[in-house]
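Look over the sequence and the structure before reading on. The paragraphs below go through them part by part.

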Amino acid sequence: MDRDIARAHHDLGGVTKFMCAPIDTEPHALSAFDKQVDALRQVLSLKGLMTVDELRRGIEEIPEAEYHRLTYYQRWIRSMTATLLRKGVVTEAELAAALERR
Amino acid sequence: MAAFAPGAAVRVKDDWPESRGPAHIRTPHYLRGLRGRVVRRLGAFANPEDLAFARPAERRSLYHVAFDQPSVWQEGRPGDELLVEIFEHWLEPA
């Protein structure tokens, strides 16, 4: 389809049968990681640091190969990290130090 | 106020902002340039295309727009419709 040429890689509506694996519709448990990411997003929203629209934009900015490799909540944390760094809410050094302490 | 009444024939703009630089768009690629019919106005909401970049966001009318599904996706039965939420600035009279 010619009209797919300019399609952004996340804009998958209508191309399912060509690009995607069948969707597993069985209910599944959320991991502790998933819940922490979800809670953190809510805190960032409540504190006015980030909108859900910024979250979506950040998810869409993940390079295509990574976008398809990451899980749902891994995409969220990638977007949240990039957004907070861009806005200067946290610095690269602070993030590195926090990860070092884990 | 709302530019389109229920039943209005509309066309989704054949515009591709994502090809011009960073963008956040809630109008799916497969509807660009296609004709549909306004079903109802859903209200006015801050424009997500601006919210996504932490810019001041004007409130824009949002509509439910129906499209003939078989001609969009080449599948489905005659009369099947897609119902999609589309902001007013993406619609033009058809």
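**Strands, a loop and a contact**

Strand β2 of chain B and strand β3 (residues 59-68) of chain B run antiparallel and are joined by eight bridges. The model shown here is predicted. One residue pair gives a way into this pairing: B:A46 has B:R59 in β3(B) as its bridge partner.

Strand β2(B) also pairs with β1(B), again in the antiparallel sense, here over three bridges. In this pairing, B:V10 has its bridge partner in β2(B), namely B:G36. When looking along any of these strands, it helps to keep a general point in mind. Side chains in a regular strand alternate between the two faces of the sheet.

What lies in the loop between β1 (9-12) and β2 (35-46) of chain B? B:W16 is found there. Is B:W16 buried or exposed? The answer lies in between: B:W16 has 17 C-beta neighbours inside 10 Å, so it counts as partly exposed. A residue would need 20 or more such neighbours to be buried, and 12 or fewer to be exposed.

Which residues does B:W16 touch, leaving out those up to four places away in sequence? They are A:A6 and B:R32. One of these partners, A:A6, belongs to chain A, and the other, B:R32, to chain B. A further residue to locate from B:W16 is B:H29, which is 13 residues away in sequence. From C-alpha to C-alpha, B:W16 and B:H29 are 8.2 Å apart in space.

The touch between B:W16 and A:A6 leads to the contact between the chains. Chain A gives 14 residues to this contact, and chain B gives 14 residues as well. On the side of chain A that touches chain B, nine residues are charged, three are polar and two are nonpolar.

Chain A can now be taken by itself. How many helices and strands are in chain A? There are six helices and zero strands, and from the N terminus on the order of elements is α-α-α-α-α-α. The radius of gyration of chain A is 16 Å, well over the 13 Å that the globule rule gives for 102 residues, so chain A is more spread out than a compact globule. Its C-alpha trace spans about 45 × 35 × 25 Å along the principal axes.

Two percentages complete the picture of chain A. Of its 102 residues, 15% count as buried. Among contacts in chain A between residues at least 6 apart in sequence, 56% join residues at least 24 apart.

Methods: Residues numbered from 1 in each chain as written. Chains lettered and ligands numbered in written order. Predicted model: local features only at pLDDT ≥ 70, side-chain atom pairs only at ≥ 80, totals over all residues. Contact = placed C-beta atoms within 7 Å. Nonpolar A, V, L, I, M, F, W, Y, C, P; charged D, E, K, R; others polar. Helix = DSSP H or I, 4+ residues; strand = E, 2+ residues; numbered from the N terminus. Rg over C-alpha atoms; globule rule 2.2 N^0.38 Å. Pairing = 2+ DSSP bridges.
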